[in-house]
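Subject: A structure for you to explore

Hi there,

Here is the structure I promised to hand over. Have a look at it first, then read on for what turned up in it.

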Amino acid sequence: MSQLMSADTGTNEAAAGGSSLLEVHDLKVHFPIRSGILVDRTIGHVRAVDGVSLTVERGSTYGLVGESGCGKTTLGRAVLRLVDITDGQVWFDGTDLAHLGSEQMRRQRRNLQMVFQDPLGSLNPRQNIQSILTEGLQVHGLSTDRQDTRRRIVQALDDVGMSGRALSRYPHEFSGGQRQRIGIARALVLEPELIICDEPVSALDVSIQAQVLNLLEELQRERGLTYLVIAHDLAVVRHVSDTVGVMYLGSLVEEADSDTLYAQPRHPYTRALMSAVPVPDPTVEDSRERILLHGDLPSPSNPPAGCRFHTRCPWSQPQRCAEERPELRTIAPGHRVACHFAEEIAEGTLQRN
Amino acid sequence: MPLLTVDDLSVTFTQRGERDVHAVDGVSFTVDEGQVVGLVGESGCGKSVTSLALMGLLPSRGVRVGGAAHLRLNGGSGAGTPDDTIPDQEQQGSVDLLAADARRMRDLRGSQIAMVFQDPLSSLNPVVPLGLQVTEILTRHQGLRGEAARTKAAELLERVGIPDPRRRLREYPHQQSGGIRQRALIAMAVACRPRLMIADEPTTALDVTIQAQILELLKDLVHNEGTALLMITHDLGVVAGLCDGINVLYAGRVVEAGPRSALFAAPTHPYSVGLLHSIPRLDAPRGEPLTPIRGSINDNIAWNDGCAFAPRCDRYTEACLEGPPELRHRSGEHLHRCVHPVGEGHQEGPASGAGPAATSTMEGSG
């Protein structure tokens with residue numbers, strides 16, 4: 001928390017009027033790297049999220065995709081203030097979450113819930129399902145009447161396709177898909193406006209993945225929920241999202257609506273990512289263009305100068321890419337790209353190295 | 001004669017006081033030289049147990065292994081190098097991997113068959129430098145020592161695309177990235193030019209761009225060295241791009257098998273069809289609904305009572321419960337194990353609502 005809490009944490013003209021539910025402005029999350037035995041010195045920072053701005057419309061799904069270490073999970077956690085925000089603003093429904101006091105933030109979390117990746121690890125093995133689902137209601141003072149509480153949690157379970165018989169059972173008694181449904185029910189029971197789903201299906205078998213993805217869509221249709229879906233699987237993200245943001249090394253490199261991103265990927269990283277996703281169809285697999293990236297993701301504690309991607313980019317140009325960091329600029333309505341040469345690559349005037 | 005002929009492989013886990021678990025239940029397939037064969041299925045279908053059985057890595061207690069798995073030894077037209085450690089009487093013949101004793105298996109592992117595991121961090125020894133782990137194989141099978149072994153190890157790392165191999169040899173696994181670790185494992189697997197490589201989910205722990213690199217590397221190795229590859233994965237996309245032949249496993253049995261083009265063009269087993277329909281495809285138009293397979297593997301019934309998939313199947317009828325269905329030829333090399341295969345007469349859609357055991361055991365799984 002680098003800035004003082006501003007006096008007017010109430011409303012913001014920009015966010016209050018429009019249809020956007022969540023607006024993230026230039027969000028930065030830097031983790032200090034400490035060293036020393038007696039004296040704790042900070043010798044550097046891991047720039048997990050380094051200046052991300054994005055807007056999630058009410059009732060829509062925003063998908064964040066990227067490889068491990070790109071900062072997508074940290075971004076999701078920062079929105080909920082589960083990690084400390086170094087700089088920037090998170091406007092949720094007219095309130096800047098980044099500068100709220102911890103008690104106010106705790107109250108706000110009723111409206112922002114999270115579904116975690118590992119359904120077993122995120123459920124307390126010693127709590128039964130009733131206790132898991134009731135806890136949130138109690139914390140937010142919504143559990144005043146026992147009858148009403150029970151009605152709410154049975155309703156939440158019913159919404160995710162499970163029966164009330166599950167209430168007295170424990171997480172280990174359920175399969176992975178059922179556990180993930182419980183995780184979703186736990187988020188739903190508070191009737192939040194925004195649910196942040198961090199890798200909601202990556203721990204599940206493919207046949208179960210589809211059940212959970214369909215469930216998320218169904219809930220959105222019925223309740224007008226807003227989702228921020230964070231995943232590494234581009235096919236999953238594209239399937240569920242209205243807008244997709246691609247992250248690389250702490251920043252957004254491209255953002256577009258789901259169909260445009262697939263039809264006209266403009267950032268070299270998006271193209272590479274897309275060409276790397278296997279498609280279960282031999283004819284497609286044999287014929288499509290492959291862009292193989294060399295090497296690994298650079299360390300976020302010492303990111304490359306200039307364009308973060310230039311060390312692995314097949315189109316990288318010697319001077320400009322290594323020195324000047326590209327801004328995320330709008331190249332078409334709703335389509336933002338952080339690449340100096342996006343147009344040239346699209347037109348084919350710039351060839352791969 | 002194929003390089004590897006697995007015939008009626010079965011693995012049963014037994015525990016006193018518990019019911020036997022038939023993890024693999026009569027699986028047969030063959031792998032030809034220079035061919036990539038895929039074993040596809042979800043967790044619990046027996047694909048990993050199959051690979052462990054072939055490598056002789058299952059514990060000896062509480063496990064019953066049946067069937068045979070013949071690996072053809074040098075003498076064929078393959079590119080394998082003659083190996084002095086193999087007894088003369090076996091030079092022209094084949095060896096049954098399931099019947100070979102521990103000493104014999106130690107000779108075969110690394111030199112004739114090699115394995116790449118899923119999680120590169122836990123399958124490398126964390127307290128031994130990478131170099132020593134690579135040279136160990138060379139020392140054991142080729143008798144290389146000292147500088148000669150190190151040079152060869154560096155060459156191997158270079159061949160699998162690890163930059164600066166000399167330095168890596170001195171480093172430890174935790175200092176490497178996931179992609180490098182997996183490459184190192186592959187380097188160890190190909191060190192003695194094995195004739196068969198088994199890769200158990202080699203890319204599952206990796207990012208997609210790294211996965212693409214590793215798959216490309218495996219393709220190159222198969223292409224250039226003539227190594228046969230048994231690819232074990234849950235990812236149909238990976239299979240579509242890499243494998244020549246595919247075996248779809250469900251509850252320990254092959255439910256559908258065939259060349260990849262035939263199988264992907266017209267899958268006939270409802271499980272394979274269901275799997276393909278439940279994956280969001282990158283190239284599918286947005287908003288196209290997914291059709292999941294209902295229930296989970298907990299709903300399975302025993303194969304002896306009928307088709308294990310019946311409780312989750314939309315095409316289930318009473319006929320599915322009349323004993324275990326046979327693996328039948330559909331056309332050419334395309335096999336399936338189903339009473340009502342997709343695309344053959346039987347009307348589409350649910351025949352009689354939910355499956356047999358579904359109502360009692362599917363509680364809450366929607």
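Let's start with helix α8(B), which is mostly covered: twelve of its 13 residues are buried. Keep in mind as you look that this is a predicted model. The buried residues include Gly179(B), Ile180(B), Leu185(B), Ile186(B), Met188(B) and Val190(B). Charged-looking names turn up there too, since Arg181(B) and Arg183(B) are also among the buried residues of α8(B). What do the buried residues of α8(B) pack against? Their partners in chain B are β6 (113-116), α4 (120-123), α5 (130-142), α6 (146-159), β7 (196-200) and α9 (208-225).

You can also check the length of this helix yourself. Helix α8 of chain B covers residues 178-190, and at 1.5 Å a residue its 13 residues should span 18 Å; the C-alpha atoms at its ends are 19 Å apart, which agrees.

Just before that helix sits Ser177(B), in the loop between α7 (165-170) and α8 of chain B. Is Ser177(B) buried or partly exposed? It counts as partly exposed, because it has 17 C-beta neighbours inside 10 Å, while being buried takes 20 or more. For a sense of distance, Ser177(B) and Asp314(B) are 44 Å apart in space, C-alpha to C-alpha, and 137 residues apart in sequence.

Now for chain B as a whole. Its secondary structure comes to 13 helices and twelve strands, and 51% of its 366 residues are buried. If you take the contacts in chain B between residues at least 6 apart in sequence, 66% of them join residues at least 24 apart.

Asp25(B) is a good residue to click on here. It lies in strand β2 (residues 21-31) of chain B, and it is buried because 22 other C-beta atoms lie within 10 Å. Leaving aside residues up to four places away in sequence, Asp25(B) touches Ser10(B), Gly252(B), Arg253(B) and Trp303(B). Asp25(B) and Val254(B) are 229 residues apart in sequence, yet their C-alpha atoms are 8.8 Å apart in space.

Two residues in chain B deserve a look for their backbone angles. Most residues other than glycine have a negative phi. Glu201(B) is not a glycine, but its phi is positive, at about 50°. Glu201(B) is found in the loop between β7 and α9 of chain B, and it counts as buried because it has 20 C-beta neighbours inside 10 Å. Ala251(B) also has a positive phi, near 50°. Its place is the loop between β9 (245-250) and β10 (253-259) of chain B, where 23 other C-beta atoms within 10 Å make it buried.

Next, where do the two chains meet? The contact takes 40 residues from chain B and 43 residues from chain A. On the side of chain B that touches chain A, the elements giving two or more residues are α9, α10 (236-242), α11 (260-265) and α12 (270-278). The largest share, six residues, comes from α9(B). By class, the residues on this side of chain B divide into 14 nonpolar, 17 polar and nine charged.

From chain A, try helix α10 (residues 268-276), where seven of the nine residues are buried. Among them are Pro268(A), Tyr269(A), Leu273(A) and Met274(A). The buried residues of α10(A) pack against α8 (234-240), β9 (243-248), β10 (251-257), α9 (258-263) and α13 (342-347) of chain A, together with α9 of chain B.

Chain A also has a helix pair to rotate on screen. The axes of α4 (residues 129-139) and α5 (residues 146-159) of chain A come within 10 Å and cross at roughly 115°. The contact is made by Gln130(A), Leu133(A), Thr134(A) and Leu137(A) of α4(A) with Thr149(A), Arg152(A), Ile153(A) and Ala156(A) of α5(A). That gives four nonpolar, three polar and one charged residues.

Finally, a word on confidence. The model scores ipTM 0.82 and pTM 0.84. Chain A has a mean pLDDT of 89, with 95% of its residues at 70 or more, but residues 1-17 of chain A are below 50. Chain B averages 85, and 89% of its residues score at least 70. In chain B, pLDDT is below 50 over residues 76-82 and stays under 50 over residues 346-366.

Enjoy exploring!

Definitions and conventions. Residues numbered from 1 in each chain as written. Chains lettered and ligands numbered in written order. Predicted model: local features only at pLDDT ≥ 70, side-chain atom pairs only at ≥ 80, totals over all residues. pLDDT = per-residue confidence, 0-100. Contact = placed C-beta atoms within 7 Å. Helix = DSSP H or I, 4+ residues; strand = E, 2+ residues; numbered from the N terminus. Expected span 1.5 Å × (residues − 1). Nonpolar A, V, L, I, M, F, W, Y, C, P; charged D, E, K, R; others polar. Axes fitted to C-alpha atoms, helices over the stretch in contact; angles between N-to-C directions.
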